[in-house]
Amino acid sequence: PSTEKVTGRSPVSMSEGKKKVVVLGNGPVGHKFLESLVELDGGKHFELTVFCEESRHAYDRVKITSFFEHRDPVKLSLCDRAWFEKNGIEFINERATKLNKEQRMVNDKTPYDFLVFATGSYAFVRPTPGLSPQTPGVFVYRTIEDMEAIIRYAEGGAKTAGVIGGGLLGLEAAKAVADLGLEAHVLERSKHLMPRQLDL
């Protein structure tokens, strides 16, 4: 195995003849990249590492509303933890907060030859008095933890829910909270619902 010192733009391969690929993000896109590279390369030319800031490995966010029905994270999972071990992928369950481009290093400890950004999106909350996600009863709609928090709050005695956004996801959220027994209200700034889908 190579023991060369990481300096400047030098390669940092950890095994002879292999390049180190580090993926930032283990959402659906990051996971699909890993699947594709495993299928194409089979571990012959690349060593794979993935950073995941969430407590869970990749799951299907497109179907996340179904969590309200089954409440089982496993049913949304795109793989199990054993998949990473089977394919020789290093899974680092932490947020990537520091990148050294000169030394090609993530978080001062993980070297790379190739760095892939698959950090996905985030739930934008327009700065509005009283509508911070830190305010009790205010939630974003993105992760399994968000779904669990909404369920706990609804089952804790809530009666009504306001959903900001009348697109596909907003309507899914409204249906979900209605199924939890809440009176749902949808707030949409456009003249009609689903403005990006319907050309009215």
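Let me begin with a working definition: a residue is called buried under 20% relative accessible area, exposed over 50%, and partly exposed in between. With that in hand, R56, at 24% relative accessibility, counts as partly exposed, and E148, at 25%, falls in the partly exposed class as well. Please keep in mind throughout that what we are looking at is a predicted model.

I chose those two residues because their side chains meet in a salt bridge, with 3.4 Å from N to O, and because E148 belongs to helix α4 while R56 sits in the loop between β2 (46–51) and α2, so the pair ties together parts that are 92 residues apart in sequence. Salt bridges with shared partners bring R56, E145 and E148 together into one network, and the count of salt bridges for the model comes to nine.

A further one of these pairs also involves α4: the side chains of R71 and E155 meet at 2.9 Å, N to O. Here R71 lies in the loop between α2 and α3 (81–86) and E155 in helix α4, so this salt bridge ties together parts that are 84 residues apart in sequence. R71 is partly exposed at 38% relative accessibility, whereas E155, at 54%, counts as exposed.

Let me stay with the helix itself. The 12 residues of α4 should span 16 Å at 1.5 Å a residue, and the end C-alpha atoms are 17 Å apart, which agrees. Which residues of α4 are buried? They are I144, D146, M147, A149, I150, I151 and A154, and what covers them includes α2 (67–70) and α5 (168–179). Just after α4, G157 takes a positive phi of about 115 degrees.

I turn next to the open sheet of three strands, which has the order β4-β5-β6 and antiparallel pairing. Its edge strands, β4 (99–100) and β6 (110–111), each pair on one side only. Between β5 (residues 105–106) and β6 there are two bridges, and M105 has P111 as its bridge partner in β6. In the loop between β4 and β5 we find R104, a residue other than glycine whose phi is nevertheless positive, near 55 degrees; R104 is buried, with a relative accessible area of 15%. This region has a salt bridge too, between the side chains of K98 and D108 (3.1 Å, N to O). Since K98 lies in the loop between β3 (89–92) and β4, and D108 in the loop between β5 and β6, the pair ties together parts that are 10 residues apart in sequence. K98, at 44% relative accessibility, is partly exposed.

Finally, I would like to look at β8 and β9, which pair in the parallel sense over five bridges. Strand β8 (residues 160–164) has a covered face, made of A161 and V163, and an uncovered one, made of T160, G162 and I164. What stands opposite I164 in β9? That position is taken by L187, and I164 and L187, together with L131, make a nonpolar surface patch of about 280 Å². L131 comes from elsewhere in the chain, namely the loop between β7 (114–117) and α4 (144–155), and is partly exposed at 31% relative accessibility. In the segment after β9 (183–187) lies M194, which, as a residue other than glycine, has a positive phi near 50 degrees.

Definitions and conventions. Residues numbered from 1 in each chain as written. Predicted model: local features only at pLDDT ≥ 70, side-chain atom pairs only at ≥ 80, totals over all residues. Heavy atoms only, no water. Patch = residues over 30% accessible without salt bridge, like charges linked within 9 Å, V, L, I, M, F, W, Y side chains within 5 Å. Areas by Shrake-Rupley, 256 points an atom, 1.4 Å probe, with all protein chains shown as cover. Salt bridge = Lys/Arg side-chain N within 4 Å of Asp/Glu carboxyl O. Helix = DSSP H or I, 4+ residues; strand = E, 2+ residues; numbered from the N terminus. Buried < 20%, exposed > 50% of the residue type's maximum accessible area, 1.4 Å probe, protein only. Expected span 1.5 Å × (residues − 1). Contact = heavy atoms within 4.5 Å. Pairing = 2+ DSSP bridges.
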